[in-house]
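Okay, thanks for coming, everyone. I'll put the structure up and then we'll walk through it together.

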Amino acid sequence: MEPLFSRRRKVPDDHPAFAGLPVTHIALSDARTRAAVHLRGDFGHGRPPLVCLAGYQRNMSDFSAFADYFRRLGSGNWPMVLIDLPGRGRADDRPRNVAYSTLQDARDVADILAALGVGRAVLLGQGHGGQVAMALAAHHPLLIGGTILLDAGPVIDSRSIVRLRSNLAHLEGLRGGKAVNAGFRRMLGGVYPGLGEAELGALALRSHWFDKRGRPRPLFDPRLIEQIKDISFDDILVAQWPLYDALVCAPLMLLRTQLTDQVRRETFEKMVQRRPDAEAITISGQGSPALFDDPAEIEAVAEFVFHIGKGARRAA
C-alpha cells in the first residue's frame, strides 16, 4: 500500500540559504506530494507574476539575490513566485514508484499556478527549469506571458550531467569538515573564479546542509542523481527543438553564462537565430547556476518583464 503522502524533506529550520525565503506548501494533483513556493510582491493589480524555476537538483535559493534586487525595481513589489519542485529544497520527494521527469515537473507548475489563481505568467527557468518552461509552453501555451531561459535550451550538453554526478560522488567520499569544505571550494571555484572562500562557502549551502559531524546532506532527493547515472561524457542527447519552438507563443529572452557547460555556445547561437526577436545576453565570468546578482543583468530582466506587464494591462 502506497503512503498517503510523499516523503518529507529534512531541512534545518535555520538553514542560512533559505533566510528571507519563507514558503507555503501546495498539494499537487497526485494529492500526496507538495511543492514549496515563496511568494512576494503585490498580486492584486493584474500584473503577470515572474515565476522562477531552478536547475535540475537545485532550489529557489539560487534566485535569492535576484529576487531581493528585482522587487525594488520599476514601481516596486512586482509579484514573484519562487518554486521548489518535488525532490528539491523544501518540497516533498516524489513517491518511490514515481520517476522524476521534465513533463511531470511541467504538470506540477501548472498545478501550482492554478492553485495560486494565476492565469498567465512570465517564466524564468535556469537549466532544467528552462526545460520545464518549454514543456509547459508546449502543453499550456495560454499560461505563458513570456519566457526567460538561462543556461537552458533544447539541447543539453552531456558534459554538464557527468560533471554534476562526478562532483557529488566525490563529495560523498570525503570525510572531515576541512576535506569537505576544500572539496566544495575546488568544485565551485572553477565555476565562479572571481569569488573568495567565504562566498564559495555560502554557495555550497544552496545545495547542501551540514550535519553535526560536518557531513554534507543534499537539499535534493538522491534519486535525481540516480536517474542520470548511465549518461556518459560522449553521449549525444536527443535535441528538443519542437519544445523550444513552442515558446513562439510569447516574448522570449535568452541568457547564457560565459563558463556554462549546460548549453554549448553553438546551441545558444542557433537558438538566437531561430528567434531573432529574442533579446540575448551573455553573463560574463561565471558558470551554472548563474549568481544572478549583478544589477545590470537583473535590470535587463526586469525591463523585459515590465514590458510584458504593460502589454497585459493594455489587453485587459
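So, cysteines. How far is the sulfur of Cys-52 from the closest cysteine sulfur? It's 18 Å, and the partner in question is Cys-249, so that's too far for a bond. Keep in mind that this is a predicted model. Seen from the other end, Cys-249 is in no disulfide either, with the sulfur of Cys-52 as its nearest one. And if you search the whole structure, you find zero disulfides. The two cysteines also sit in different settings: Cys-52 has a relative accessible area of 1%, so it's buried, while Cys-249 comes out at 29%, which makes it partly exposed.

Next, the core. The largest nonpolar core has 39 residues, and the ones touching the most other members are Leu-149 and Tyr-244. Which helix gives the most to this core? That's H3, residues 128-139, with six residues. As for Tyr-244, its contacts further off in sequence include Met-134, Leu-149, Pro-154 and Leu-252. Leu-254, Met-271, Val-272, Arg-274 and Arg-275 are on that list too. Apart from this core there's another one, of 30 residues, with Met-60, Leu-82, Leu-150 and Leu-255 among them. As a general remark, nonpolar side chains tend to be buried together in soluble globular proteins.

Let's stay with H3 for a minute. 10 of its 12 residues are buried, so the helix is largely enclosed by the rest of the structure. The buried ones include His-128, Gln-131, Val-132, Met-134 and Leu-136, plus a few glycines and alanines such as Gly-129 and Ala-133. What's doing the covering? Strand S3, helix H2 (102-116), strand S5 (121-126), strand S6 (144-150) and helix H8 (241-245) are included in that cover. I also like a quick sanity check on the geometry: at 1.5 Å a residue, H3 should span 16 Å, and its end C-alpha atoms are 17 Å apart, so that agrees.

On to the charged pairs. How many salt bridges does a search of the whole structure find? The count is 18. I'll show you three.

Start with Arg-94 and Asp-105, whose side chains meet at 2.8 Å, N to O. Arg-94 is in the loop between strand S4 (80-84) and H2, and Asp-105 is in helix H2 itself, so the pair ties together parts 11 residues apart in sequence. Buried or exposed? Both Arg-94 and Asp-105 are buried.

Then there's Asp-261 with Arg-163, at 2.6 Å, N to O. Asp-261 belongs to the loop between strand S9 (252-257) and helix H9 (265-274), and Arg-163 to helix H4 (residues 158-172), so here the parts tied together are 98 residues apart in sequence. At 15% relative accessibility Asp-261 counts as buried, whereas Arg-163, at 29%, counts as partly exposed.

My third pick is Arg-274 with Asp-245, at 2.9 Å, N to O. That one links helix H9, which holds Arg-274, to helix H8, which holds Asp-245, and the two residues are 29 apart. Both ends count as partly exposed: 36% relative accessibility for Arg-274 and 33% for Asp-245. You've already met Arg-274, by the way, as one of the contacts of Tyr-244. There's a network as well: salt bridges that share partners join Arg-88, Arg-94, Asp-105 and Asp-108.

Now a couple of loops. Arg-206 is in the one between helix H6 (197-204) and strand S7 (208-210). With a relative accessible area of 13%, Arg-206 is buried. What does it touch? Leaving out its sequence neighbors, Arg-206 contacts Ala-17, Arg-58, Asn-59, Ser-61, Asp-62, Ser-64 and Leu-219.

Pro-48 is in the loop between strand S2 (34-40) and strand S3 (50-53). It counts as buried, at 6% relative accessibility. Its C-alpha atom is 9.6 Å from that of Lys-310, even though the two are 262 residues apart along the chain.

Last stop, the hairpin. Strand S1 (residues 24-27) pairs with S2 in the antiparallel sense, over four bridges. Within that pairing, His-25 has Ala-36 in S2 as its bridge partner. There are six residues between the two strands, and in this hairpin Ala-31 takes a positive phi near 65 degrees.

How values were computed: Residues numbered from 1 in each chain as written. Predicted model: local features only at pLDDT ≥ 70, side-chain atom pairs only at ≥ 80, totals over all residues. Heavy atoms only, no water. Core = buried A, V, L, I, M, F, W, Y, C linked by side-chain atoms within 4.5 Å. Buried < 20%, exposed > 50% of the residue type's maximum accessible area, 1.4 Å probe, protein only. Contact = heavy atoms within 4.5 Å. Disulfide = S-S within 2.5 Å. Pairing = 2+ DSSP bridges. Expected span 1.5 Å × (residues − 1). Salt bridge = Lys/Arg side-chain N within 4 Å of Asp/Glu carboxyl O. Lists of a residue's contacts leave out its neighbours within four places in sequence.
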